[in-house]
Amino acid sequence: MLNALIEKISRKKALVGVIGLGYVGLPLAREFARAGVKVLGFDVDTAKVKALSAGRSYIEHIPASAIKEMLRSKRFAATTDFKQLRKCDCILICVPTPLTRMREPDLSYVRDTADAIAATLRPGQLVVLESTTYPGTTREVVLPVLAATGLKLGRDFFLAFSPEREDPGRTDHTTKTIPKVVGGCEKNSLAAAVACYQAVLDEVVPVSSCEAAEACKILENTYRCVNIALVNELKTLFDRMGIDVWEVIRAASTKPFGFTPFYPGPGLGGHCIPIDPFYLSWKARQYDMATRFIELAGEVNVSMPQYVTGKLMDALNDRGKALKGSRILVLGLAYKKDVDDVRESPSLELIELLLARGAKVDYNDPHCPRTHKMRAHDLKMASKPLSPKMLASYDAVLISTDHSAYDYKQIVRCAKLVVDTRNATADVKTGRAKIVKA
Ligand SMILES: NC(=O)c1ccc[n+]([C@@H]2O[C@H](COP(=O)([O-])OP(=O)(O)OC[C@H]3O[C@@H](n4cnc5c(N)ncnc54)[C@H](O)[C@@H]3O)[C@@H](O)[C@H]2O)c1
């Protein structure tokens with residue numbers, strides 16, 4: 001069974017099923033199709049499947065032309081019909097892994113997907129979980145569902161974990177060139193999963209178990225979360241000491257070894273860094289361990305929007321104004337520059353904090369024309385078009401996301417006050433007295 005599957009994969013005759021056609025699943029499907037492998041994409045969202053089938057994209061950095069090309073090549077189709085999973089030789093799971101309201105892992109999407117796969121599981125299929133999660137999920141959550149079919153792991157079907165390392169918007173490292181870590185539930189599963197990714201990606205990094213692969217992704221994201229918290233805390237201390245944290249990081253970055261720069265900001269955003277470490281914290285409790293670094297980093301990062309609001313209030317106060325009643329323009333809704341993803345964005349938190357304190361708030365984001373209802377926010381706002389006149393009409397402009405599309409010179413020239421959380425105005429020479437870093 002294993003040899004037949006590997007042979008089929010290496011001849012690019014295997015059909016790859018990608019479940020969850022979001023920020024991770026869609027680029028992955030595209031990579032397989034580009035490499036000459038047939039892909040069937042599955043999603044529960046009928047609007048997404050309809051859009052893809054009509055050659056439209058719903059992710060800003062994946063152009064419609066890319067979807068049209070995938071369709072034209074006849075190597076991609078999207079469906080909501082999960083019975084078609086039976087046709088697939090390799091099934092890659094890219095569904096969401098959010099937190100519940102109580103900040104505990106919400107594996108309902110993974111469980112639903114495992115059920116859907118089990119319903120049609122047949123001998124010779126490889127299943128790989130790509131969704132970020134705590135070590136143990138593949139073996140403890142997915143495997144029992146598949147094994148309950150009566151088929152045997154390592155003989156009839158193969159199960160592995162391979163973390164997605166997608167960084168939306170990045171162009172220097174792509175889905176194809178980013179090394180792919182793979183861990184199997186046993187050795188045949190590892191061999192099948194390695195063959196699957198090797199067929200299309202530049203580098204595959206096998207590890208000894210699916211737990212090691214799961215832990216690898218959590219380490220990467222926890223590393224970022226903790227280091228960002230560190231610079232965020234140092235930012236607040238250095239501010240009190242009259243030292244510019246950005247200048248310090250720039251200087252420290254000249255050290256040719258032993259220092260990797262991380263940058264402060266208005267808080268943490270995105271689907272990964274603010275969420276994934278808490279998957280590990282939750283699991284650690286089973287082992288009577290507390291993940292103190294993670295908790296502390298979370299505390300520091302979560303407090304950043306409050307800190308920024310405080311800096312804005314002080315800056316207005318210095319100009320004889322109260323935040324209550326002031327008109328504030330927030331620049332950037334997305335959680336990071338040049339993307340349209342607003343999940344967990346600190347801009348949303350900032351807007352709510354400002355509104356709660358009686359400010360009149362608008363926002364602009366060239367990538368996010370309007371807000372949508374989300375798990376924790378429903379702002380019902382639309383992006384205001386920028387102009388010199390409108391910039392001048394606000395009591396303060398708060399830079400929350402440093403999109404490349406912004407003309408920072410013009411922003412500083414026209415605004416009465418600029419509160420900059422990203423050092424986006426670093427190169428603006430005139431009007432610096434109006435800029436407050438936060
Ligand atoms: N976005 C990133 O930058 C990134 C990077 C690395 C890892 N990840 C991880 O990858 C996973 C997916 O993240 P994403 O950003 O692509 O999420 P996403 O929300 O953009 O996409 C997930 C897709 O899965 C679909 N879906 C939900 N339930 C489903 C089900 N039962 N069956 C089929 N489809 C279903 C949704 O409709 C959506 O289209 C998460 O675990 C995330 O932590 C994300």
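**Figure 1. Packing of helix H8 against helix H10 in the predicted model.** H8 covers residues 210-240 and H10 covers residues 276-286. Their axes lie 8 Å apart, and the packing angle is about 115°. H8 is therefore roughly perpendicular to H10. The crossing of H8 past H10 is left-handed. On the H8 side, the contact uses Lys217, Ile218, Asn221, Thr222 and Cys225. H10 contributes Asp276, Pro277, Tyr279 and Leu280. Sorted by class, this contact has five nonpolar, two polar and two charged residues.

**Figure 2. Crossing of helix H2 and helix H4.** H2 runs over residues 25-34, and H4 over residues 64-72. The two axes come within 10 Å and cross at roughly 45°. H2 is therefore oblique to H4. The crossing is left-handed. Leu26, Ala29, Arg30 and Ala33 of H2 meet Ala66, Ile67 and Met70 of H4. The class count for this contact is six nonpolar, no polar and one charged. The charged residue is Arg30 of H2.

**Figure 3. Crossing of helix H12 and helix H13.** H12 spans residues 304-318, while H13 spans residues 346-356. Their axes come within 9 Å, with a crossing angle of roughly 50°. The pair is therefore oblique. This crossing is right-handed. From H12, the contact takes in Pro305, Gln306, Val308, Thr309 and Leu312. From H13, it takes in Pro346, Glu349, Leu350, Leu353 and Leu354. Seven of the contact residues are nonpolar, two are polar and one is charged. The polar pair is Gln306 and Thr309, both of H12. The charged residue is Glu349 of H13.

**Figure 4. The second largest pocket.** Its volume is about 280 Å³. The lining has 17 residues. Arg30, Glu166, Arg170, Thr174 and Thr175 are the closest of them to the pocket centre. By class, the lining splits into four nonpolar, six polar and seven charged residues. Arg30 also appears in Figure 2, as part of the H2 contact with H4.

**Figure 5. The largest cavity.** Rolling a probe the size of a water molecule over the atoms reveals where empty space is left. Searching the whole structure gives two cavities of 30 Å³ or more. The largest has a volume of about 70 Å³. Its lining includes Leu28, Pro163, Ile178, Pro179 and Leu201. These are the five nonpolar residues of the lining. Glu164, Arg165, Glu166 and Lys180 also line this cavity, and they make up its four charged residues. Thr175 completes the lining as its one polar residue. Glu166 and Thr175 are also among the residues closest to the centre of the second largest pocket.

**Figure 6. The second largest cavity.** This cavity has a volume of about 50 Å³. Among the residues that line it are Ile9, Ala14, Val16, Phe32 and Val37. Cys90, Cys196, Ala199 and Val200 belong to the lining too. Lys12 and Lys13 are also part of it. The class count is nine nonpolar, no polar and two charged residues. Lys12 and Lys13 are the charged pair.

Technical notes. Residues numbered from 1 in each chain as written. Predicted model: local features only at pLDDT ≥ 70, side-chain atom pairs only at ≥ 80, totals over all residues. Heavy atoms only, no water. Axes fitted to C-alpha atoms, helices over the stretch in contact; angles between N-to-C directions. Helix = DSSP H or I, 4+ residues; strand = E, 2+ residues; numbered from the N terminus. Parallel < 35°, antiparallel > 145°, perpendicular 65-115°, else oblique. Left-handed = near helix turned anticlockwise from the far one by under 90°. Contact = heavy atoms within 4.5 Å. 1 Å grid on protein atoms, 1.4 Å probe; cavity = no way out; pocket = protein on both sides within 12 Å on 5 of 7 lines; lining within 4 Å. Points joined across faces, edges and corners; volume = space filled by probe spheres on them.
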